[in-house]
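Colleague: I have some questions about how the labels on this model were reached. Could you take me through them?

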Amino acid sequence: MAFASLPRAQPLLARLSGPRRGARARTMAPPRCLALELPGCTLAHLAVGAGAADACPDPRAAALLGGPGRSFSLCVPVAPGGDCAARVRAARLHQRLLRQLRAGPLRGCQLHRLLSYCPGGGPGAVQRGVLLRDPGDSPDTRRALLALLDAHVEAPRPRLGEFVGGPRRELWHFAWEPQDGQGWRQGGPEPVARAPEPALHPVVPDLPGSGVFPDRESARAVLEACTPFIPEARAVLDLVDQCPKQAQKGKFPVVVIEGLDATGKTTVTQSVSESLKAVLLKSPPACISQWRKLFDDEPTIIRRAFYSLGNYIVASEIAKESTKSPVIVDRYWHSTATYTIATEVSGGPQHLPPARHPVYQWPRDLLKPDLVLLLSLGPEERARRLQGRGLERTQEEAELEANSVFRQKVEVSYQRMENPGCHVLDASPSREEVLRRVLSLIQNNCN
């Protein structure tokens with residue numbers, strides 16, 4: 001590969017003496033913004049471009065992005081309003097880039113979650129990316145990143161930027177641009193400054209298209225786009241297409257039991273179903289569970305489409321069984337939604353959508369249960385119960401144990417679900433006491 005001249009830090013800083021006038025002259029368009037996850041799961045919102053020239057820098061971002069060391073942004077573009085196939089391709093590329101950044105010559109660099117967005121851009125306007133920080137400022141890092149870009153020639157092609165700190169702790173951004181197959185050149189400097197925090201996390205408008213699907217067809221479109229490279233997606237779609245469009249509940253009660261790993265959910269669901277002589281169903285259902293690990297290795301948009309469609313298959317089973325007996329369901333839509341929200345919304349619980357936001361509402365075409373119970377357990381007791389279980393867990397379930405912030409986001413999202421909401425039940429007493437309380441709640445809410 002023919003590399004363009006790779007400027008050093010000092011010559012770059014010399015070029016930053018007066019770019020502001022030219023920056024304003026180039027365009028009056030509002031700057032694009034970045035949401036950068038900082039240590040401690042806080043977010044810094046940054047504006048990049050001409051409109052940021054006169055704004056104050058963010059000292060937290062300056063400390064991370066400026067010297068010593070060097071930082072790079074790597075984002076995957078998605079055209080606003082792009083079709084489902086384009087969103088799927090972008091998500092898979094983002095996941096592949098993360099895996100490549102954690103290996104080879106770049107594995108010693110620090111990675112931070114990064115989103116690129118246009119304020120008020122609406123659904124599809126968010127680009128997912130990563131900030132890569134090289135504390136040692138090695139020239140090999142830049143070369144490895146440009147080589148990585150050379151390996152991705154098909155759309156969507158990742159976009160690489162480089163941050164440089166000025167003498168007064170100001171920040172500048174340089175975009176790397178391809179030169180018609182003749183290597184790469186570094187564009188002119190763009191100022192980087194603090195941006196106002198949006199009322200909602202920038203990814204929230206995107207959630208109905210990236211995992212908290214409002215209806216069956218939205219999830220179905222995602223797996224349809226996956227059929228060229230995931231043959232099992234067609235098998236899942238064939239099973240979904242055999243289900244009624246709008247499954248209707250029978251005369252017997254339907255109770256969903258939710259809860260994190262080690263809250264006793266499996267024991268409770270089995271005990272309750274035996275006590276009520278009820279049918280016990282699980283989501284995802286047995287007919288697609290053999291593909292669960294396959295889809296768990298895919299990015300959120302594909303993984304959650306699989307689980308969402310599993311809920312619709314379960315709904316058809318609920319409709320049939322609830323005409324004959326009570327039905328107990330081990331996880332359902334609330335799990336799908338809460339894990340999506342907790343995964344996709346960067347930062348801490350304070351950045352989640354507020355209570356009563358539409359993202360917490362039940363899908364309009366999914367069979368609704370009579371009661372949803374959420375088993376709750378303190379983190380210390382959960383950790384004690386998890387020891388020695390040796391059960392195979394998904395990546396998200398493993399993260400629950402290792403990442404307390406992620407666990408808090410899941411728990412808060414569960415508690416904000418509406419229509420129906422969750423009845424939170426303390427699972428720390430004895431199994432007999434928990435079972436007694438569950439049966440009492442069912443009796444009081446399902447008659």
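**From values to labels**

Modeller: One place to begin is P284, in the loop between β11 (279-282) and α10 (286-289). Keep in mind that this is a predicted model.

Colleague: What makes the bond between S283 and P284 cis?

Modeller: The omega angle. For S283 and P284 it is about 5°. Most peptide bonds are trans. A cis bond also runs from N419 to P420, with omega near 10°. P420 sits in the loop between α16 and β14 (423-426).

Colleague: What is notable about the phi of K277?

Modeller: The sign. Phi of K277 is about 55°, a positive value, and K277 is not a glycine. Most residues other than glycine have a negative phi. K277 lies in the loop between α9 (265-276) and β11. R331 also has a positive phi, near 70°, and is not glycine either. R331 belongs to the loop between β12 and α13.

Colleague: Are K277 and R331 buried or exposed?

Modeller: K277 has a relative accessible area of 71%. Exposed means over 50%, so K277 is exposed. R331 has 10%. Buried means under 20%, so R331 is buried.

Colleague: How do you know that K409 has no salt bridge?

Modeller: By distance. The nearest side chain of opposite charge to K409 is E37, at 5.3 Å. A salt bridge needs nitrogen and oxygen within 4 Å, so K409 and E37 do not make one. K409 is buried all the same. K409 lies in helix α16.

Colleague: What does the side chain of K409 reach?

Modeller: The backbone oxygen of A342, at 3.1 Å. The cut-off for a polar contact is 3.5 Å, so this pair is inside it. Beyond its sequence neighbours within four places, K409 contacts A342, V345, S346, G347, G348, P349 and L352.

Colleague: Why is the pair D206 and R87 called a salt bridge?

Modeller: Their side chains come to 3.3 Å, N to O. The limit is 4 Å, so the pair qualifies. D206 is in the loop between β9 (190-194) and α6 (207-210), and R87 is in helix α4 (residues 84-101), so the bridge ties together parts 119 residues apart in sequence. D206 is buried at 4% relative accessible area. R87 is buried too, at 16%.

Colleague: What makes E177 and R185 a salt bridge, and how accessible is E177?

Modeller: The closest N and O atoms of E177 and R185 are 2.7 Å apart. That is within 4 Å, so the label holds. E177 has a relative accessible area of 27%, which counts as partly exposed. R185 is partly exposed as well, at 40%.

Colleague: How do D296 and R292 stand in the helix?

Modeller: Both lie in α11 (residues 292-296), four residues apart, about one turn of the helix. Their side chains meet in a salt bridge at 3.8 Å, N to O. D296 is buried at 12%. R292 is partly exposed at 27%.

Colleague: How many salt bridges does this rule give?

Modeller: The count comes to 23. R70, D137, R142 and E162 are linked in a network of them.

Colleague: What is in the largest nonpolar core?

Modeller: There are 43 residues in it. I318, V329, Y332 and I341 have the most contacts inside it. Among the elements that supply at least two residues each are β1 (32-38), α12 (300-321) and α13 (333-344).

Colleague: Why is this core placed between the two domains?

Modeller: Domain 1 (32-194) and domain 2 (205-446) both give residues to it, so it lies between them. Apart from it lies another core of 24 residues, C243 among them.

Colleague: What makes C243 buried?

Modeller: C243 has 10% relative accessibility. The limit is under 20%, so C243 counts as buried. C243 is in the loop between α8 (231-241) and β10. The C-alpha atoms of C243 and S316 are 5.9 Å apart, although 73 residues separate them along the chain. Setting aside neighbours within four places in sequence, C243 contacts R216, Y312, I313 and S316.

How values were computed
Residues are numbered from 1 along each chain as its sequence is written. This is a predicted model: local features need pLDDT of at least 70, side-chain atom pairs count only at pLDDT 80 or more; totals for chains, interfaces and linings use all residues. Side-chain values use heavy atoms; hydrogens and water are left out. A nonpolar core is a set of buried Ala, Val, Leu, Ile, Met, Phe, Trp, Tyr and Cys residues joined through side-chain atoms within 4.5 Å. Buried means under 20% relative accessible area, exposed over 50%, partly exposed in between (1.4 Å probe, protein chains only). Domain bounds come from an automatic or database domain assignment. Lys and Arg count as positive and Asp and Glu as negative; His and the chain ends are not counted. A polar contact is a pair of N or O atoms within 3.5 Å; within protein, one must be able to donate a hydrogen and the other to accept it, and residues adjacent in sequence count only if both atoms are side-chain atoms. Contact means heavy atoms within 4.5 Å.
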